[in-house]
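Here is a friendly tour of a structure for someone meeting one of these for the first time. Take a moment to turn it around on the screen before reading on.

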Protein chains: 2
Amino acid sequence: MDDTKLADPSQINPNARYSVNYKDIVSRYGADLAAVEKAIGDHFQSDVALIPDVSSYLISGGGKRIRPLLVIASARLCGYTTGTRHIDYSVVVEYIHAATLLHDDVVDEADLRRGSESPNMKYGNQASVLVGDFLFAKSFQIMSEGDDMRIVRSVSSATRNLAEGEVLQLVNTCNLETSEDTYMDTIFRKTGALIVSCMEIGAILGGAPPEKEKTLSEYGKKIGIAFQLMDDALDYTADEARWGKPVGADLEEGKVTLPLIRAWKLANDHERRIIRDAFEHDDGADEYIGQVREIMERYEALSYTVDLATRYAGEAKEKLSGFSPSPHLDALAGIADYIVNRDV
Amino acid sequence: MDDTKLADPSQINPNARYSVNYKDIVSRYGADLAAVEKAIGDHFQSDVALIPDVSSYLISGGGKRIRPLLVIASARLCGYTTGTRHIDYSVVVEYIHAATLLHDDVVDEADLRRGSESPNMKYGNQASVLVGDFLFAKSFQIMSEGDDMRIVRSVSSATRNLAEGEVLQLVNTCNLETSEDTYMDTIFRKTGALIVSCMEIGAILGGAPPEKEKTLSEYGKKIGIAFQLMDDALDYTADEARWGKPVGADLEEGKVTLPLIRAWKLANDHERRIIRDAFEHDDGADEYIGQVREIMERYEALSYTVDLATRYAGEAKEKLSGFSPSPHLDALAGIADYIVNRDV
């Protein structure tokens with residue numbers, strides 16, 4: 001397969017187009033993120049032994065911590081300087097994300113997650129369902145110890161969207177006629193909504209006026225969508241060892257994402273038959289992935305997806321233009337850049 | 001099998017020992033319960049089509065509505081007379097209960113629920129997991145629209161206990177050495193905690209002073225435990241058609257409940273071998289259920305369980321003695337009686 005469209009060096013060099021490098025952002029908030037790591041481990045303690053095991057296996061096993069980073073950076077941007085509530089709420093969003101991953105893996109019957117055996121394979125579907133429920137419950141318990149119902153409102157709305165997005169994805173499994181609109185709605189719900197909530201939490205913690213909160217929420221929506229678009233492109237193009245799950249997993253699981261929607265739309269009858277075959281032979285989908293990727297290349301479906309992600313990330317950065325310059329603003333701009341330039 | 005211990009007419013005659021009949025309690029709160037039914041249907045509406053289908057199949061398909069009844073009766077007892085928040089919170093507790101049932105059925109690989117095909121059989125495990133998540137999220141969204149963080153705190157703590165109770169049950173699957181203490185802790189968490197929360201919600205809505213809230217919460221804990229004890233006895237003794245699931249399902253699923261713990265404790269080596277065989281041949285457990293029930297009868301393990309439930313229900317009623325007489329107090333006493341006298 002010709003990978004040049006995604007292998008453009010200006011895109012994959014992690015320093016090329018960033019105002020701030022992701023690693024630098026992570027180190028800037030190093031103390032806060034270390035506190036988040038500690039709190040993540042503290043909060044999943046339970047006298048029920050399996051719960052910390054499964055939680056730790058999943059959550060301490062990696063992840064970009066992009067959601068905590070967004071809570072922290074937006075809180076700091078809005079002037080939140082004292083206290084540790086940004087740490088607690090970072091745990092909240094990371095737990096909700098982790099709960100979703102646990103349930104997703106059960107729904108997708110996934111074998112791998114971040115390059116290791118997925119939690120459902122290691123501990124069983126039953127443990128994944130129930131520990132996911134524990135993490136959901138624990139998130140709301142942490143929030144209930146705070147005093148801000150607006151944050152509960154934001155996170156519960158995001159959690160509801162998350163569940164709806166997952167159901168939308170489920171009902172459209174193998175539906176090659178899924179429209180771009182439905183797809184965009186699905187990815188907003190399943191990925192964008194929680195990222196919006198991260199920004200709202202930061203704005204609320206920092207006491208931002210409503211119009212600033214709204215602007216940050218719009219930034220969150222844009223980067224959330226960009227993030228999922230990139231994920232859906234990377235699913236077909238990433239380096240398997242670094243990506244941590246099989247390339248083409250979406251195809252194998254019958255997930256109809258933008259690269260496929262685009263390719264399907266433009267494909268001729270013969271090509272459509274190949275795509276449909278790939279779905280119907282889901283056990284042996286591996287042998288079909290190459291063919292489907294060729295069709296995607298032919299119709300530039302992958303670069304179409306990456307371009308759209310890049311456009312969303314650009315619009316997200318534009319949203320930041322009304323804020324006074326600050327290192328926190330640079331961090332948010334850097335996160336938007338990172339999202340569309342990452343290769344993993 | 002000799003059923004006399006459970007078939008004592010003074011126990012199964014629904015009018016014999018009640019201060020108030022359950023049916024009468026239901027009709028007393030008929031207007032409120034009708035509003036709850038309507039709100040249950042309204043709140044699970046979603047533009048994602050599968051969600052109302054699955055929710056309606058499960059929630060509108062029956063159930064005793066005991067949790068809403070407890071919210072309503074305790075709120076009324078504590079002087080809550082105006083407004084409709086008791087209706088909203090009734091939906092909250094019923095949704096959390098329903099979400100747990102959806103996830104339980106996935107965990108237990110259940111085929112039947114209330115005499116019909118279980119939701120996971122009808123719609124698939126994937127839909128059950130995700131619609132359960134939707135109902136959890138929706139519960140917290142309804143609460144976040146209210147203004148009382150104490151209620152969020154109560155319900156999130158209950159939800160956490162629920163998840164922990166389910167995990168405890170999972171890790172003790174087929175563990176015949178499960179202690180009575182562990183069992184009691186498990187049933188408090190998986191059933192008692194949410195019922196405690198129902199009572200706390202009522203007390204908070206009615207503006208009850210802390211000591212009254214505490215007393216009602218203790219009543220809730222007692223009846224919650226009594227409820228699960230009876231469920232665990234009925235699992236072995238109920239009339240299958242009315243019970244709505246196979247008798248002996250717990251045995252088949254490897255759930256170690258009090259009747260079995262008690263029988264195991266007293267059984268001789270030969271009887272223990274029979275019990276262990278019943279677990280090991282879980283496909284053909286049907287043929288073993290009769291033998292295991294005989295052992296239970298021999299050691300009065302079922303009446304031991306029912307007696308304990310009856311003691312808890314009695315203690316629950318004693319908790320009510322500090323309140324002035326009122327029809328709402330009679331209703332709560334009647335619910336305690338109903339719980340240990342029901343045959344379904």
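The report below covers confidence, the pairing of the chains, two helices and the nonpolar core.

**How far to trust it**

This is a predicted model, so a good place to begin is with its scores. The model has an ipTM of 0.90 and a pTM of 0.91. Chain A has an average pLDDT of 89, and 92% of its residues score at least 70. Within chain A, helix H11 (residues 180-205) has the highest confidence, at a mean of 98, while helix H1 (residues 4-7) has the lowest, at 34. For residues 1-18 of chain A the pLDDT stays below 50, and this stretch makes 25 contacts in the model beyond near neighbours in sequence. Where pLDDT is low, the predicted coordinates should not be read in detail.

**How the two chains meet**

How many residues of chain A are in contact with chain B? There are 36 of them, and they touch 36 residues of chain B. On the chain A side, the elements giving two or more residues are helices H5 (50-59), H7 (85-108), H9 (125-145) and H10 (149-171). H10(A) supplies the largest share, 14 residues. Sorted by class, this side of chain A holds 21 nonpolar, eight polar and seven charged residues.

Now think about the two copies as a pair. A turn of 180° with a shift of 0.0 Å along the axis lays chain A on chain B with an RMSD of 0.0 Å. The copies are therefore related as by a two-fold rotation axis. Moreover, 100% of the interface residues of chain A are interface residues in chain B too, so the copies meet through the same surface.

**Two helices side by side in a table**

| Helix | Residues | End-to-end C-alpha distance | Expected span |
|---|---|---|---|
| H12(A), 210-237 | 28 residues | 40 Å | 40 Å |
| H10(B), 149-171 | 23 residues | 33 Å | 33 Å |

For H12(A), the reach is close to what is expected at 1.5 Å a residue; for H10(B), the two values agree. Are these helices buried or exposed? In H12(A), 21 of the 28 residues are buried, so this helix is largely enclosed by the rest of the structure. In H10(B), 19 of the 23 residues are buried, so H10(B) is also largely enclosed.

**Inside the core**

The largest nonpolar core has 222 residues, and those touching the most other members are A:Ala226, A:Ile335, B:Ala226 and B:Ile335. Leaving aside neighbours within four places in sequence, B:Ile335 is in contact with B:Ile25, B:Ile66, B:Leu69, B:Leu70 and B:Ile223.

Note on methods: Residues are numbered from 1 along each chain as its sequence is written. Chains are lettered from A and ligands numbered from 1 in the order in which they are written. This is a predicted model: local features need pLDDT of at least 70, side-chain atom pairs count only at pLDDT 80 or more; totals for chains, interfaces and linings use all residues. Two residues are in contact if their C-beta atoms, placed from the backbone, lie within 7 Å. Helices (H or I, at least four residues) and strands (E, at least two) are DSSP runs, numbered from the N terminus. Ala, Val, Leu, Ile, Met, Phe, Trp, Tyr, Cys and Pro count as nonpolar, Asp, Glu, Lys and Arg as charged, and the others, Gly among them, as polar. Copies are superposed by least squares on the C-alpha atoms of residues with pLDDT of at least 70 in both. The expected span of a helix is 1.5 Å times one less than its number of residues. A residue is buried if 20 or more other C-beta atoms lie within 10 Å of its own, exposed if 12 or fewer, and partly exposed in between; C-beta atoms are placed from the backbone. pLDDT is the predictor's confidence in each residue, from 0 to 100. A nonpolar core is a set of buried Ala, Val, Leu, Ile, Met, Phe, Trp, Tyr and Cys residues joined through C-beta atoms within 7 Å.
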